[in-house]
Amino acid sequence: MDSTGIQFLSDGKWQARKYGVQSRRQWRKVHLAMDTATSDIGSVEFTPSSVGDSPVLPELLDHHCWG
């Protein structure tokens with residue numbers, strides 16, 4: 001299991017570039033559970049940036065897609 005952060009680009013970001021308005025960045029984490037034998041992604045969970053990997057692990061394992 002691993003996670004990475006992604007930044008959402010929205011109309012607000014476009015308007016900030018065009019008009020110079022500052023906005024707060026919005027980040028989300030993508031948590032991935034991967035089958036190491038096949039390198040297939042078994043499940044994915046999106047969470048707010050404040051959520052760590054440990055609380056998400058049981059959910060990922062419950063919803064795995066491998067046999």
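This short talk goes through one protein chain, from its overall layout to a surface patch and then to a few single residues.

Before anything else, please keep in mind that what we are looking at is a predicted model, and that the values I quote were computed from it. The chain has two helices and three strands, and if you follow it from the N terminus, the elements come in the order β-α-β-β-α. There are 67 residues in the chain, and buried residues make up 13% of them. If we take the contacts with a separation of 6 or more, 33% of them are accounted for by residues 24 or more positions apart.

Let me turn to the surface. The chain exposes about 5,300 Å², and carbon and sulfur atoms supply 51% of that area. On this surface there is a nonpolar patch formed by Ile6, Leu32, Met34, Ile41, Val44 and Phe46, which together have about 520 Å² of accessible area. Two elements, strand 2 and strand 3, each give two or more residues to the patch, and strand 3 gives the most, with three.

One of the patch residues is Val44, which lies in strand 3. Is valine 44 buried or exposed? The careful reply is that valine 44 is partly exposed, because its relative accessible area is 40%, and the range for that class lies between 20% and 50%.

Staying in strand 3, which covers residues 40-48, we also find threonine 47. Threonine 47, with a relative accessible area of 8%, is buried, because the cut-off for that term is under 20%. Which residues does threonine 47 touch, if we leave out those up to four places away in sequence? They are Arg28, Lys29, His31 and Val56. With histidine 31 there is also a polar contact, made from side chain to side chain at 2.8 Å.

Finally, I would like you to look at serine 39, which sits in the loop between strand 2, residues 27-35, and strand 3. At 48% relative accessibility, serine 39 counts as partly exposed, because the exposed class begins over 50%. Why might one pause at its backbone? Most residues other than glycine have a negative phi. Serine 39, however, has a phi near 65°, a positive value in a residue that is not glycine.

So much for the tour, and I am happy to go back to any of these residues on the screen.

How values were computed: Residues numbered from 1 in each chain as written. Predicted model: local features only at pLDDT ≥ 70, side-chain atom pairs only at ≥ 80, totals over all residues. Heavy atoms only, no water. Helix = DSSP H or I, 4+ residues; strand = E, 2+ residues; numbered from the N terminus. Buried < 20%, exposed > 50% of the residue type's maximum accessible area, 1.4 Å probe, protein only. Polar contact = N/O pair within 3.5 Å; in protein donor to acceptor, adjacent residues only side chain to side chain. Contact = heavy atoms within 4.5 Å. Areas by Shrake-Rupley, 256 points an atom, 1.4 Å probe, with all protein chains shown as cover. Patch = residues over 30% accessible without salt bridge, like charges linked within 9 Å, V, L, I, M, F, W, Y side chains within 5 Å. Salt bridge = Lys/Arg side-chain N within 4 Å of Asp/Glu carboxyl O.
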